[in-house]
Amino acid sequence: MTAQEVDKKKMVVVEGSYAVAHSVKICKPNVISAYPITPQTHIVENLSQFIADGEMPDCEYHNVESEFSALSALVGASAVGARTYSATTSQGLELMHEVLFNVSGMRLPIVMTIINRAVSAPINIWNDHQDSISQRDTGWIQLYAEDTQEAADMTAQAHKIAEDKDVLLPVMICMDGYILSHVYEPVVLLEQDLVDEYLPGYAPVFVLDPKNPMTFGAFAAPSTYTEFRYLQEQAMGVALKKIEDAANKFNEIFGRYYGGLIDEYETEDAEIIIMAMGSIIGTIKDVIDARRSKGEKIGLLKVRSFRPFPVEATRKALKNAKVIVTLDKNISIGLNEGALCTETKACLHNTNIDAPVIGYTVGLGGRDIPIHTIENIIDQAKEVMSSGITVESQFTDLREDLI
Amino acid sequence: MDVKEIRIHGRGGQGSVTAAELLAVAAFEDGKYSQAFPAFGVERRGAPVQAFTRISDSPIRLRSQIYEPDYVIVQDPTLLEVVEVASGTKDDGIILINSEFPPDKFELDTKANIMTVDATKIALDIIGRPIVNTVLLGAFAGTTGEINPESIKDAVKERFPGKVGEKNAVAIQKAYDIITGAKA
């Protein structure tokens with residue numbers, strides 16, 4: 001029996017948010033603090049239910065009045081040695097902005113699910129990646145999930161990575177709002193015995209304790225501040241390997257693997273390589289299969305870890321590509337390109353790789369990404385392959401009638 | 001890869017999303033892979049809503065909305081005036097409409113086969129409320145043969161334990177019987 005067939009026997013059809021909430025429960029956090037916001041609500045509703053039903057006896061759920069407070073409460077909880085979890089999205093995440101830096105600067109291994117949603121204004125409750133991408137420089141590890149199984153499994157991996165004593169950085173697990181949070185599909189719910197084997201209890205290195213007084217997030221003068229930042233960067237460097245380790249160890253125990261920092265699909269001989277993050281990966285794979293059956297050499301590079309950015313892995317995967325395509329569900333207004341496009345170009349500079357990188361901004365504010373959008377992008381990439389690059393980055397499927 | 005795509009049209013409050021989810025649960029019980037998801041609008045009672053289900057023999061990776069459905073379920077015939085329910089339907093597809101009228105009453109721009117079932121009457125008779133989503137799933141099973149009606153009943157009884165689930169199961173069977181009788 002293949003691993004897939006084994007899994008199918010264990011699968012149940014549940015909502016993505018339920019699968020994630022179940023994973024959170026199985027990872028045994030001590031403190032959860034979150035503020036409900038669409039489309040994250042189903043996760044925290046399920047967690048509240050678990051706690052009300054007595055299924056999480058060692059966990060406290062803190063009701064707070066805002067996202068700012070939700071994350072602030074976890075700063076204290078994490079500093080005294082609790083395993084901590086939160087979930088948010090969009091404006092909620094933006095409201096946490098200041099605290100995000102405090103968490104990473106204090107090296108607190110908080111894990112948070114981000115249900116990716118567009119940001120206001122105009123108000124929009126649907127999916128894109130602008131919320132988490134806008135927190136790029138806050139010092140959090142950012143992992144992006146392709147389906148609900150990966151998002152559920154990533155929850156255990158995130159705690160393991162964050163709490164590693166050589167990392168001690170917070171982790172955002174990013175999953176697409178509605179597309180993954182509200183989809184019903186077969187999923188293996190994490191098993192307690194396997195997670196206990198995979199993820200031991202949190203053993204904090206530094207603890208806030210009156211018996212052994214210590215200061216977290218203290219004043220740092222110009223004489224020391226730089227070194228705090230340098231050490232955060234060093235930890236991100238260590239995380240590169242730990243993210244791979246966590247994925248491999250997970251595979252060993254659970255028999256499921258989605259890539260470490262990246263995942264490659266049909267890239268071996270690919271002339272055109274499409275790079276993307278999140279739930280669009282599945283649709284791209286279907287299109288690639290169809291194109292491959294016609295003999296077209298198209299591949300996919302899934303970026304699973306956006307922070308730390310997998311520079312070496314990306315260079316290696318792209319080294320023989322003739323055209324590189326980046327898809328971004330976010331836009332840096334004023335540069336007219338998304339973050340994946342910018343990072344990819346940056347990491348290819350100062351190397352021998354001289355393939356054009358063309359960027360597409362897609363799926364903003366929940367606009368659907370149908371197969372023909374991917375088909376058109378591939379066709380344009382083929383033109384670039386034969387006649388050279390003309391446009392570096394552009395909006396996709398613009399409605400000219402509205403402009 | 002053999003994928004069947006289903007689009008459900010309803011109004012907010014009619015349980016279109018629930019129907020799509022129950023279909024996914026039932027299909028998986030039948031041994032298929034499945035995926036159900038909503039096209040959320042700004043949800044409010046009475047507004048037109050859509051929900052989608054994919055059923056396949058292999059794992060489903062595609063995440064786009066459904067534009068060329070094999071099957072369409074219309075919970076409320078008044079939607080025909082405001083929504084193009086036949087949009088993208090395949091020539092050999094089926095559009096199942098909740099209506100007391102026969103299919104030839106409906107002029108839709110499609111070559112797909114139009115079927116009707118008076119789900120509202122069945123629901124009122126058996127469940128006592130005009131909630132037609134589960135009833136239509138029974139008719140869907142009968143008219144398409146894509147799914148075992150027992151699996152639908154199991155899924156509904158699991159979601160709505162007790163008397164509510166039992167009544168729905170009876171209504172599902174009734175719709176299944178009527179539509180298969182009509183087809184024969």
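1. Which domains does the domain assignment give for chain A? The assignment divides the chain into domain 1, covering 3-254, and domain 2, covering 262-402, and it should be kept in mind throughout that this is a predicted model. The C-alpha centres of these two domains of chain A lie 27 Å apart, and the contact between them draws 28 residues from domain 1 and 25 residues from domain 2.

2. Turning to the area of that contact, domain 1 of chain A and domain 2 of chain A bury about 2,100 Å² between them, with carbon and sulfur atoms contributing 52% of it. On the side of domain 1, the residues that lose the most area to domain 2 are A:Arg136, A:Tyr144 and A:Glu146, which together account for 28% of what that side buries.

3. As for polar interactions within chain A, 6 salt bridges are counted between domain 1 and domain 2, and A:Lys302 forms a salt bridge with A:Glu150 in which the closest N and O atoms are 2.9 Å apart. Between domain 1 and domain 2 of chain A there are also 16 residue pairs in polar contact, both residues being at pLDDT 80 or more. The elements of chain A that give two or more residues to the domain 1 side are α7 (130-133), β6 (141-144), α8 (148-163) and α10 (225-254), and of these α10(A) gives the most, with 5 residues. By class, the residues on this side of domain 1 divide into 16 nonpolar, 6 polar and 6 charged.

4. The contact between the chains takes 29 residues from chain A and 25 residues from chain B, and the area buried between them is about 2,200 Å², of which 57% comes from carbon and sulfur atoms. Within chain A, the residues losing the most area to chain B are A:Lys8, A:Tyr184 and A:Asp368, together 28% of what that side buries.

5. Across the interface of chain A and chain B the rule finds 3 salt bridges, and A:Asp286 forms a salt bridge with B:Arg61, where the closest N and O atoms are 2.9 Å apart. The count of residue pairs in polar contact between chain A and chain B is 11, again with both residues at pLDDT 80 or more.

6. On the side of chain A that touches chain B, the elements giving two or more residues are α1 (3-10), β1 (12-15), β8 (184-187) and α11 (280-293), and α11(A) gives the most, with 5 residues. This side of chain A has 15 nonpolar, 6 polar and 8 charged residues.

Note on methods: Residues numbered from 1 in each chain as written. Chains lettered and ligands numbered in written order. Predicted model: local features only at pLDDT ≥ 70, side-chain atom pairs only at ≥ 80, totals over all residues. Heavy atoms only, no water. Contact = heavy atoms within 4.5 Å. Buried area = accessible area lost by both parts, 1.4 Å probe. Salt bridge = Lys/Arg side-chain N within 4 Å of Asp/Glu carboxyl O. Polar contact = N/O pair within 3.5 Å; in protein donor to acceptor, adjacent residues only side chain to side chain. Helix = DSSP H or I, 4+ residues; strand = E, 2+ residues; numbered from the N terminus. Nonpolar A, V, L, I, M, F, W, Y, C, P; charged D, E, K, R; others polar. Domains from an automatic or database assignment.
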